[in-house]
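User: I am new to this structure and would like a close look at one part of it, the place where its domains meet. Please take me through that part in one connected account.

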Amino acid sequence: MAVSFTVNGQARVVDLPPEMPLLWVLREGLDLTGTKFGCGIASCGACTVHLDGAAVRSCQVTLAEVAGASVVTVEGLGQGALHAVQEAWIAAQVAQCGYCQSGQIMQAAALLAENPAPTGDEIDAAMEGNLCRCGTYPRIRAAVQDAAKRLSEV
């Protein structure tokens, strides 16, 4: 069954099983490998993307569920340039192994789109579903605060 949706601003038609998780549609069907497989049960956040502007775990969303929707992955977040969150991540040197970082960045961008000036507690609450085995949480919090500042100056 062909499913039409938008990915990173481009209309796409994908002919894959409708029950296939969006994660695998992106990675295997569309070669967008920035979205990572972590746990497969929505517990780690490594596969976070935006679905109609909301952060979702792509391992738990089926292709059928994205029909007509807009999906943004880490590759499309900045629309051709780095997003303020990506700039802040680089400035704070957040990544260690880097595996969870695309999910962390997508979660942070969704937070800042909804709440442009989050408190430290609000950042912690929004990011708590995104796990980092390297323990870079202090740098993640600092990067989110930096990104909020960068976005407020635009």
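Analyst: In this predicted model, domain 1 and domain 2 bury about 960 Å² between them, and 52% of that area lies on carbon and sulfur atoms. On the side of domain 1, the residues that lose the most area to domain 2 are Cys44, Thr48 and His50, which together make up 35% of what that side buries.

To place these parts along the chain, the domain assignment puts domain 1 at residues 3–72 and domain 2 at residues 84–153, and the centres of the two domains, taken over C-alpha atoms, are separated by 21 Å. Counted by residues, the meeting of the domains brings 15 residues of domain 1 into contact with 10 residues of domain 2.

As for the kinds of interaction, 8 residue pairs are in polar contact between domain 1 and domain 2, counting pairs with both residues at pLDDT 80 or more, whereas the rule for salt bridges finds 0 of them across this interface. Turning to the elements that build the side of domain 1 that touches domain 2, strand S3 (48–51) and strand S4 (54–57) each supply at least two residues, and S3 gives the most, with 3 residues. Sorted by class, that side of domain 1 has 6 nonpolar, 7 polar and 2 charged residues.

Definitions and conventions
Residues are numbered from 1 along each chain as its sequence is written. This is a predicted model: local features need pLDDT of at least 70, side-chain atom pairs count only at pLDDT 80 or more; totals for chains, interfaces and linings use all residues. Side-chain values use heavy atoms; hydrogens and water are left out. Domain bounds come from an automatic or database domain assignment. Contact means heavy atoms within 4.5 Å. Buried area is the accessible area (1.4 Å probe) that two parts lose on being put together, summed over both. A salt bridge is a side-chain nitrogen of Lys or Arg within 4 Å of a carboxyl oxygen of Asp or Glu. A polar contact is a pair of N or O atoms within 3.5 Å; within protein, one must be able to donate a hydrogen and the other to accept it, and residues adjacent in sequence count only if both atoms are side-chain atoms. Helices (H or I, at least four residues) and strands (E, at least two) are DSSP runs, numbered from the N terminus. Ala, Val, Leu, Ile, Met, Phe, Trp, Tyr, Cys and Pro count as nonpolar, Asp, Glu, Lys and Arg as charged, and the others, Gly among them, as polar.
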